[in-house]
Amino acid sequence: MVRVCFTANLERHLSCPEATVSGASVREALDAVFETQQQLKGYVLDDQNRLRQHMVIFVDGKTIIDRVHLSDAISPDSEIYVMQALSGG
């Protein structure tokens, strides 16, 4: 089962506990999480179901490549981390 984690800064806005789901891609894993945490979907994805500009997803420590379709492959023991991208100067 894939482990999906959300950073503490997202928890300030809404409840997003760690989840264990199945899936072969980032999209499938996130869709499984969104089934039980529907408000979270609107915070992570835009109205076109693409990753919002201010969000970043890591799979097994590497940034995903496909921010539009979220088609990056995952394995059953993958760890997905969803967080807000930070910038500034």
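Begin with the whole protein chain in a cartoon view, where three helices and five strands can be picked out, and keep in mind throughout the tour that this is a predicted model. Tracing the chain from the N terminus, the elements follow one another in the order β-α-β-α-α-β-β-β.

**The whole chain**

Switch to the C-alpha trace and turn it along its principal axes, where the spans are about 35 × 25 × 25 Å. The radius of gyration of the protein chain is 12 Å, and because a compact globule with 89 residues would have a value near 12 Å, the two agree. If you colour by relative accessibility, the buried residues make up 39% of the 89 residues. A surface representation of the protein chain exposes about 5300 Å², and carbon and sulfur atoms supply 50% of that area. For the contacts with a separation of 6 or more, residues 24 or more positions apart account for 51%.

**Asn9 and its partners**

Next select Asn9, which has its place in helix α1, and display its side chain together with those of Thr7 and Gln84. The side chains of Asn9 and Thr7 are joined by a polar contact of 2.3 Å, while a further polar contact, of 2.8 Å, links the side chain of Asn9 to the side chain of Gln84.

**Arg12, beyond the helix**

Keep Gln84 on display and move along the chain to Arg12, which is found in the loop between α1 (8-11) and β2 (19-21). Is Arg12 buried or exposed? Its relative accessible area is 66%, and since exposed means over 50%, Arg12 belongs to the exposed class. A distance drawn between the C-alpha atoms of Arg12 and Gln84 gives 12 Å, for two residues that are 72 positions apart along the chain.

**The two cysteines**

Now select Cys5 and Cys16 and show their sulfur atoms. How many disulfides does the structure hold? There are zero, and the geometry shows why for this pair: the sulfur of Cys5 has its closest cysteine sulfur in Cys16, at 10 Å, which is too far for a bond, given that a disulfide requires two cysteine sulfur atoms within 2.5 Å. Seen from the other end, the closest cysteine sulfur to that of Cys16 is the one in Cys5, again at 10 Å. With the accessibility colouring restored, Cys5 appears as buried at a relative accessible area of 6%, and Cys16 likewise counts as buried, at 2% relative accessibility.

**Two positive phi angles**

The last stops concern the backbone. Most residues other than glycine have a negative phi, which gives a reason to look at the two residues that follow.

Select Asn49 in the loop between α3 (38-44) and β3 (55-59), where phi is near 65 degrees, a positive value in a residue other than glycine. Asn49 counts as partly exposed, because its relative accessibility is 32%, and this class covers values between 20% and 50%.

Then go on to Leu70, in the loop between β4 (62-63) and β5 (79-84). Leu70 is not a glycine either, yet its phi is positive, at about 55 degrees. What is the relative accessible area of Leu70? It is 0%, so Leu70 is buried, whereas Asn49 is partly exposed.

Notes: Residues are numbered from 1 along each chain as its sequence is written. This is a predicted model: local features need pLDDT of at least 70, side-chain atom pairs count only at pLDDT 80 or more; totals for chains, interfaces and linings use all residues. Side-chain values use heavy atoms; hydrogens and water are left out. Buried means under 20% relative accessible area, exposed over 50%, partly exposed in between (1.4 Å probe, protein chains only). Helices (H or I, at least four residues) and strands (E, at least two) are DSSP runs, numbered from the N terminus. A polar contact is a pair of N or O atoms within 3.5 Å; within protein, one must be able to donate a hydrogen and the other to accept it, and residues adjacent in sequence count only if both atoms are side-chain atoms. The radius of gyration is taken over C-alpha atoms; the globule rule is 2.2 Å times the number of residues to the power 0.38. Contact means heavy atoms within 4.5 Å. Accessible areas come from the Shrake-Rupley method with a 1.4 Å probe; for residues, only the protein chains shown count as cover.
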